[in-house]
Amino acid sequence: MSASNTPEAVFVRACRGQAVPYTPVWFMRQAGRSLPEYRKAREGIAMLDACRRPDLVCELTLQPVRRHVVDAAILFSDIVLPLAEIGVKVEIVAGVGPVVAEPIRDEAAVAKLRPLLPERLDYVAEAVRLTVAELSGTPLIGFAGAPFTLASYLVEGGPSRQYERTKAMMYRWPDVWHALCSQLAETALEFLRVQVAAGVSAVQLFDSWAGALSEADYRRFVMPHSAHVLRGLSDAGVPRIHFGLGTGHLLAPMAQAGADVVGVDWRTPLSSAAQAVGSGVALQGNLEPAALFAPWPVVEAEVRRVLEEAGTATGHVFNLGHGVLPETDPDVLTRVVALVHEASAR
Ligand code: 1CP
């Protein structure tokens, strides 16, 4: 393999919009319940405890790489992990998601949050180093939750449909909202810096729930904080991916916040997304995760359609429009990887 054909080079080059021999592919939530080896390794271990064990993090991160031969690994961790290190009592409840014991609803609660000290994340740094060594060349993606998505868990106390309390705080007490988001932006930035220093090849900022906001509110209440995180890494030498669900109307500001790559869900064709983000910004996505339940010829047609729609983008990293659904047949994912490589070979 020549230097520009190593998996690291292909993935990172695509993120930077440079020429690649084929379109790289990985899947959000590629580690997880769709894999029997994951269920076995995680048995009896609480999610956040698993994230604190470097040996287990390494094993869970590698499982999908061994199985599917994807072009990138994503660190096994969670966006709420650093919250536990700044004084939040948070747990991940199976079948529910993150649950916060004492939701943050006022200025006094915001004032109690502590700064994130990097040494509190030594186990993350160790997990990254161990995993990078074991991956022998496949790039590792580090990640963090963006301020809005983290704030939604803290203010609501858990997963939410309408984000009513979160939005109420934004509108009623904008000063408290901005204080909370500034603190969360610092936390996310520190979490990412620790991962970059330990050797990740790219970072993804997950603003999964930002799509609930209008563009005007996104620009006013959220974008400055996400921009603080992304711009804080502009000299880090790694591509920055910025993803949210249902963000077809926010792709331009999400790119302007300082992203090298914008992640797009299945609702927006990549051809429209390419226009929205403008030239110079790559795209990631966007196969409908539920399409993987279809017979293979349908899956194949959908994969080819996504590749075609990405044609005008500055660069393209193939992915699903959101995470792998737990009931997905892992063999279909493996076939998708092979198909993406073959169909995009140039
Ligand atoms: O393979 C991978 O993708 C790596 C691991 C990973 C990532 C990138 C996990 C493990 N979590 C995340 C990020 C994450 N966590 C996001 C952003 C991605 C997305 O939009 O899906 C979000 C919103 C969370 C919060 C969270 N943690 C949820 C969502 C709850 C909701 O509001 O709907 C859930 C279910 C978790 C738990 C979790 N995180 C990861 C796993 C494997 C699990 C399931 C835990 C278990 O089975 O016990």
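Biologist: Two strands are said to pair if DSSP finds at least two bridges between them; what makes β4 and β5 such a pair?

Modeller: Strand β4 (residues 140-145) and strand β5 (residues 202-206) share 5 bridges in the parallel sense, and the definition asks for at least two, so the two strands count as paired. Among the residues involved is Phe143, whose bridge partner in β5 is Gln204. This is a predicted model, in which local features need pLDDT of at least 70 and side-chain atom pairs need pLDDT 80 or more, while totals for chains, interfaces and linings use all residues. Residues are numbered from 1 along each chain as its sequence is written, and side-chain values use heavy atoms, without hydrogens or water.

Biologist: Why is the sheet of 7 strands called open, and which are its edge strands?

Modeller: Its strands follow the order β1-β4-β5-β6-β7-β8-β9 with parallel pairing, and at the edges β1 (73-74) and β9 (316-320) each pair on one side only. The strand numbers run from the N terminus, a strand being a DSSP run of E with at least two residues and a helix a run of H or I with at least four.

Biologist: In which sense do β2 and β3 pair, and over how many bridges?

Modeller: Strand β2 (residues 90-93) and β3 pair in the antiparallel sense over 4 bridges, and Val90 has Val100 in β3 as its bridge partner. The two strands form a hairpin with 3 residues between them, and in the turn Gly95 has a positive phi of about 80°.

Biologist: What makes Val69 worth pointing out?

Modeller: Val69 has a positive phi, near 55°, although this residue is not a glycine, and it is placed in the loop between α4 (54-68) and β1. A cis peptide bond, with omega of about -5°, joins Gly285 and Asn286, and Asn286 is found in strand β8 (residues 282-287).

Biologist: How do you know that His322 makes a polar contact with the ligand?

Modeller: A polar side-chain atom of His322 lies 2.6 Å from an oxygen atom of the ligand, and a polar contact is a pair of N or O atoms within 3.5 Å, so this pair qualifies. Backbone atoms contribute as well: a polar one of Arg29 is 2.7 Å from a ligand oxygen, and an N or O atom of Ala31 lies 2.9 Å from a ligand oxygen.

Biologist: Which residues of the shell are closest to the ligand?

Modeller: The ligand is surrounded by 24 residues (one heavy atom within 4 Å is enough), and the closest are Arg29, Asp78, Tyr153, Ser208 and His322. Elements that each supply at least two residues of this shell include α2 (36-42) and β3 (97-100).

Conventions: A polar contact is a pair of N or O atoms within 3.5 Å; within protein, one must be able to donate a hydrogen and the other to accept it, and residues adjacent in sequence count only if both atoms are side-chain atoms.
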